[in-house]
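Trainee: Please take one part of this model and look at it closely. I would like to know how its helices pack, and then what can be said about the strands and loops.

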Amino acid sequence: MEPVYHRLPVVDAGGMELHLPICDIGPGRPRMCVVAGIHGDEPSPLVLVDRLVMALRDREMHGAVRVVAAANMPALLQRSRWSSWDEEDMNRIGDGDGGPAVTRRLAAAVVAACEGCTLAVNLHNFVMRTPLLAIQPPGQDRERRTRHDAYIGALDPHVVWVFGDGPDDVRTFGSSIDAAIERRGTDVLAVEMSDLPELDEPLLARGIAGLLRLAAHLGCIDDRERPGKRNRVYVRRRLVRAPGAGIFEPIAALGGQVAEDDVVGELIPLERPGARVPVRSPERGWLIQRLGRRFVRPGDMIFTVGRSV
Ligand SMILES: [Zn+2]
């Protein structure tokens, strides 16, 4: 099956036309829409969707899969989280609410591209080294949670990041593009992974097998994948940020357990070489995300500890 490339018109912005590029593969209406590139500084999902389309080309298909590889082209071309044209975070403006800003119009187009599908998979990456991680959002009713559990079973991520059902969590999620897509009747599965330098083949293989199992779950292809490894943990996530500027040197192993006050890494301060500052875990749990050796500024994300739920 060959992919069909087409475009949704978005806006004629003063003589410059913008489109949302779309790739459809398979017969009939799309049942699954895989979205990448909502944040312009997160290129890893593009590798995953390329592998997905390559894999689907060789398969007999019973239903279509849609891929939006570059949801936020202005931000991607600037290699920044959001576009400087309007400084809007595409992940946090729902369906754009009819607003004229380019990012809002693009968000509306992404939501429209997902409409009619059973499932949208929203792919992101962190700068921190991150295993295949699925998000369990707040506020799901029992039926929706049952479907979500089935999607997570098919994807088989290493980690499920469970949000609380508190008012802050519900409010944050309510303004997301995922919530806007769900309001139009399409389920959303949000997935995170490592940034390009640390997107290794085992992580890619786990991601692509998961997306193919999801396509099979929705009836787009026959299920030929190996069953998942099911070695996943469900966690609440606690984020630790850099206490100062310098080089972060990782010490504790990613994916391992840490106790409260364990040293996860050290900060080599910019202004005081030879006076390393230990960065400790605030609580006991799994070290689910961690920077490699990186230059950090005060407040940059350096690791997260997951407490099992
Ligand atoms: Zn993102």
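Mentor: Start with handedness. A crossing is right-handed if the near helix is turned clockwise from the far one by less than a right angle, and left-handed if anticlockwise. Keep in mind that this is a predicted model.

By that rule, H1 passes H7 in a right-handed crossing. H1 covers residues 44-57 and H7 covers residues 201-217; their axes come within 10 Å and cross at roughly 55°. That angle makes H1 oblique to H7. Which residues make the contact of H1 with H7? On the H1 side they are Val47, Leu48, Arg51, Leu52, Ala55 and Leu56. H7 brings Glu201, Leu204, Gly207, Ile208, Leu211 and Leu212. By type, nine are nonpolar, one is polar and two are charged.

H7 also packs against H4, residues 142-155. Here the axes are 7 Å apart and the angle is about 135°. An angle over 145 degrees would count as roughly antiparallel, so H4 and H7 are oblique to each other. From H4, the contact takes Ala150, Tyr151, Ala154 and Leu155. From H7, it takes Arg206, Gly210, Leu211, Arg213, Leu214 and His217. These split into six nonpolar, two polar and two charged residues. Leu211 of H7 appears in the contact with H1 and again in the contact with H4.

Now follow the chain out of H4. Asp156 sits in the loop between H4 and S7. Its phi is near 55°, which is positive although the residue is not glycine. Is Asp156 buried or exposed? Its relative accessible area is 2%, so Asp156 is buried. Compare Asp97, in the loop between H2 and H3. Asp97 too has phi near 55°. But Asp97 has 66% relative accessibility and therefore counts as exposed.

That loop leads to S7, residues 159-162, which four bridges join to S6 in the parallel sense. Ile135 of S6 stands opposite Trp161 in S7. S6 also pairs with S8, residues 187-193, this time antiparallel and over two bridges. There Leu133 has Glu192 as its bridge partner. In a regular strand the side chains alternate between the two faces of the sheet. S6 shows it: Leu133 and Ile135 point one way, Ala134 and Gln136 the other, and all are buried.

A further sheet is open and has four strands, in the order S13-S12-S10-S15, with antiparallel pairing. Its edge strands are S13 (277-280) and S15 (294-296), each pairing on one side only. Neighbouring strands are turned by 35° against each other on average, direction ignored. S10, residues 246-250, is joined to S15 by three bridges. One pair in this match is Ile247 with Phe295 of S15.

Finish at Arg297, in the loop between S15 and S16. Its relative accessible area is 54%, so Arg297 counts as exposed. Arg297 still has contacts beyond its neighbours within four places in sequence: Ala242, Gly244 and Ala245. Leu270 is 27 residues away from Arg297 along the chain, yet their C-alpha atoms are separated by 9.7 Å.

Notes: Residues numbered from 1 in each chain as written. Predicted model: local features only at pLDDT ≥ 70, side-chain atom pairs only at ≥ 80, totals over all residues. Heavy atoms only, no water. Axes fitted to C-alpha atoms, helices over the stretch in contact; angles between N-to-C directions. Parallel < 35°, antiparallel > 145°, perpendicular 65-115°, else oblique. Contact = heavy atoms within 4.5 Å. Nonpolar A, V, L, I, M, F, W, Y, C, P; charged D, E, K, R; others polar. Pairing = 2+ DSSP bridges. Buried < 20%, exposed > 50% of the residue type's maximum accessible area, 1.4 Å probe, protein only.
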